Protein chains: 2
Amino acid sequence: MAITMKDVAEKAGVSIKTVSRVVNNQGEISAETRQRIEAIIAELGYRPNLVARSLITQRTLTIGLIVVDITNPFFAEVARGVQDVARQNGYNVLLCNIDDNLHEQQKALESLAAHSVDGIILFPLEYYDDRLLSFVNQYRPVVLINHLLQHPNVAVVLLDGAHGVQQAVNHLLERGHQEIAMLAGPKPITGRGQRLQGYQTALQGQGLADSANRVIFSIPTQAQGYEQSKQLLSQHPHITAIIAYNDLLAFGVIQACRELNIVIPDQCAIVGFDDIYFSNLVHPALSTVRVNKYEVGQQAMTRLLTMINDPKLTISPIKLGVELIVRESS
Amino acid sequence: MAITMKDVAEKAGVSIKTVSRVVNNQGEISAETRQRIEAIIAELGYRPNLVARSLITQRTLTIGLIVVDITNPFFAEVARGVQDVARQNGYNVLLCNIDDNLHEQQKALESLAAHSVDGIILFPLEYYDDRLLSFVNQYRPVVLINHLLQHPNVAVVLLDGAHGVQQAVNHLLERGHQEIAMLAGPKPITGRGQRLQGYQTALQGQGLADSANRVIFSIPTQAQGYEQSKQLLSQHPHITAIIAYNDLLAFGVIQACRELNIVIPDQCAIVGFDDIYFSNLVHPALSTVRVNKYEVGQQAMTRLLTMINDPKLTISPIKLGVELIVRESS
DNA sequence: ATCCTTAACGTCAACGTTGACATGACTATA
DNA sequence: TATAGTCATGTCAACGTTGACGTTAAGGAT
């Protein structure tokens, strides 16, 4: 079907190995032979079969990227950063969506391992997943985004979520808000999560205790933001500001306020997180914590490449800065 | 490094072929042997090596998806549809962004061919690309989205762009608009493009000639929409309505109007195309032509699977309906 | 004339599977 | 009791490359 080295070799009257050498620019070859073979390669349109090559080199030039949902512009932008660096280095990217389903995360990890990807970039739902650990242990490098895990084969790219949310809370406090709720996103099985922690420390710093009923966990989608904030604002009318785990949740809050005739930001101020592209286009324009999503992707892929090329290297975590962007919603 | 069939076979005291048979549920195997081997597989955590399997079966269980830019929510939603169907059928997806760069399209096609993907789904910049044709000819099935190409190995998923834009134009005419411009997106090298055609026929149907200066081609991004419409509206203040090739362009128009203090929809009505998620959240909420993006992806992947599983099959083009959604911008 | 070096190739096995075919034991049938 | 048929398993080559190592001829040094 496709043209193989054998075809090229026969036509050139040389051994397959010789063709291999010109394809890989390796070993000693006379200029004349090289030119002749290159001409034949061009003529026949030969392309090396990467799967055969992978079988022997144990490299597929493919990495896996596991995101919650590519439909969320946050992940799309990160993916773009990953892809661009990957492509520049001759790598391809297998993309998996797992929604908020730990089982899907496991399936994705298994599938990628079966495909022998050279490494994985993961926004983990749960980073201590057994499969992840076994993958990491006996297999290939992994870059974790937004979760810290110490392991020789794991590099980590962190967002300074705590700091970002602290800035947001302080900003709201300065504007005189006293009752600030948080839509805290998915509930972490262990620990509190960076952003929630930022919320709580900022409030405690002001001597304001956090009460559990002002923190709500949910899947971080607009629909959930709408549902949760509608309920929250109806039941607790004294709340004057809401911080959301991400912009999609914040969009849901905007929607709820519109429906409840709550004026933003006068009656309820809103701050999101991520600064996805559309935060500046919604009405009112959303105040949010900006993350350089593209850079997150670039950094992750760069780190992964470093580990792939030198497995012995230990890579220290990097924490990317974030920045509060105040727009109309606060 | 990883566990192979050989390891399992040795531990079970059987031949590799026997292990292969239980892994693939094929051939006759005694229940006892099967159980014993399955136990060992579970114990060792053996996973079949797909690249080795691919080498012999000539199938990689991988398809390529080439989009302009995954950062555009339109493509992200289509990708999601593709991914979900792919995953349900045991397939993985290699994602490539090509922006508006024909050269990148070629590189992506070559890269995917080198990786021996089982098929490709492509939003073509130019569908008669040599590499695409050679790929299609000597290689594997392709699904083209939004472009028609007759070829035994090519299936096609079309959006009824012409009809959608016609609806939009008629809607604007009904509202009394006479001077309707179009930001027509990337200029097709051949033909006019469905959406532009819909624009022109709708106008001609009303006896309104289309003049070239009301049609502007550009890359379909918000930035371009902003630039082009700002210029257009300054130079031609009599224009009272703009139809955009996609919602991102329309967002740019909104931005330009805001800056020029043009009131939407009174002084300038705007209609987009795609109905991406955020069209309902911008201010004013964008009138647009709804495309079922997720279904586009599902249909494309389903068709690709059909062709992969039965290469002889010829698949007739499908044209998915679109629907005008009138919101606040018109 | 002999030995050594080196450039320019070639040979062979291996990567981890699967397909085609072979084998041996056992069962059923005439 | 010989024969065919079936079940359960084994053997071997092949998929398209590359790594390790071998070979050959030319040329230079001694």
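Start by selecting Ser30(B) together with DNA strand D: a backbone N or O atom of Ser30(B) sits 3.0 Å from a phosphate oxygen of that strand. Keep in mind along the way that this is a predicted model.

**Stop 1: DNA strand D**

Stay with strand D and bring up chain A. Show the side chain of Asn24(A), where an N or O atom is 3.0 Å from a phosphate oxygen of DNA strand D. Then add Tyr46(A), which places a polar side-chain atom 2.9 Å from a phosphate oxygen of DNA strand D.

Now widen the selection to the 26 residues around DNA strand D. Which of them come nearest? Colour Lys17(A), Ser20(A), Thr18(B), Arg21(B) and Thr33(B) to pick them out. Sorted by class, the surface near DNA strand D has 10 nonpolar, 10 polar and 6 charged residues.

Switch to a cartoon view to see where this surface comes from. Helix 2 (16–24) and helix 4 (50–57) of chain A each supply at least two of its residues, and so do helix 2 and helix 4 (50–57) of chain B. Helix 2 of chain A gives the largest share, with 4 residues.

Look at the DNA side as well. Sugar or phosphate holds 59% of the atoms of DNA strand D within 4 Å of the protein, and the rest belong to bases.

**Stop 2: DNA strand C**

Next, select DNA strand C and Ser30(A). A polar side-chain atom of Ser30(A) is found 2.7 Å from a phosphate oxygen of DNA strand C. Add Thr33(A), whose side chain has a polar atom 2.9 Å from a phosphate oxygen of DNA strand C.

For a contact with a base, go over to chain B and show Ala52(B). A polar backbone atom of Ala52(B) is 3.4 Å from a base nitrogen of DNA strand C. In cartoon view, helix 2 and helix 4 of chain A, along with helix 2 and helix 4 of chain B, are the elements that give two or more residues to the surface near DNA strand C. Here helix 2 of chain B provides the largest share, 4 residues.

Select the full set of 26 residues around DNA strand C, and highlight Ser15(A), Thr18(A), Arg21(A), Ser30(A) and Ser20(B), which come nearest. Of the atoms of DNA strand C within 4 Å of the protein, 59% are in sugar and phosphate. The residues of this surface divide into 10 nonpolar, 10 polar and 6 charged.

**Stop 3: two helices of chain B**

Hide the DNA for a moment and select residues 5–12 and 16–24 of chain B, which are helix 1 and helix 2. At what angle do they pack? Their axes are 8 Å apart and make an angle of about 110°, so helix 1 of chain B is roughly perpendicular to helix 2 of chain B.

Turn on side chains to see what meets there. Helix 1 brings Met5(B), Lys6(B), Val8(B) and Ala9(B), while helix 2 brings Ile16(B), Val19(B), Ser20(B) and Val23(B). By class, this contact has 6 nonpolar, 1 polar and 1 charged residues. You have met Ser20(B) already, among the residues that come nearest to DNA strand C.

**Stop 4: where the chains meet**

Zoom out and colour by chain. The size of an interface is often given as the accessible area lost when the parts come together. Chain A and chain B bury about 4500 Å² between them, and 55% of that is on carbon and sulfur atoms. On the chain A side, select Arg80(A), Arg87(A) and Leu281(A): they lose the most area to chain B, together 15% of what that side buries. In residue terms, 53 residues of chain A are in contact with 53 residues of chain B.

**Stop 5: backbone details**

Most residues other than glycine have a negative phi, and most peptide bonds are trans. Three places are worth a look with that in mind.

- Asn25(A) has a positive phi, near 55°; find it in the loop between helix 2 and helix 3 (31–44) of chain A.
- The peptide bond from Ile264(B) to Pro265(B) is cis, with omega near 0°. Pro265(B) belongs to the loop between helix 11 (247–260) and strand 9 (269–274) of chain B.
- The peptide bond from His283(B) to Pro284(B) is cis, with omega near -5°. Look for Pro284(B) in the loop between strand 9 and strand 10 (287–291) of chain B.

Methods:
Residues numbered from 1 in each chain as written. Chains lettered and ligands numbered in written order. Predicted model: local features only at pLDDT ≥ 70, side-chain atom pairs only at ≥ 80, totals over all residues. Heavy atoms only, no water. Axes fitted to C-alpha atoms, helices over the stretch in contact; angles between N-to-C directions. Parallel < 35°, antiparallel > 145°, perpendicular 65-115°, else oblique. Contact = heavy atoms within 4.5 Å. Nonpolar A, V, L, I, M, F, W, Y, C, P; charged D, E, K, R; others polar. Near = heavy atom within 4 Å. Polar contact = N/O pair within 3.5 Å; in protein donor to acceptor, adjacent residues only side chain to side chain. Buried area = accessible area lost by both parts, 1.4 Å probe.
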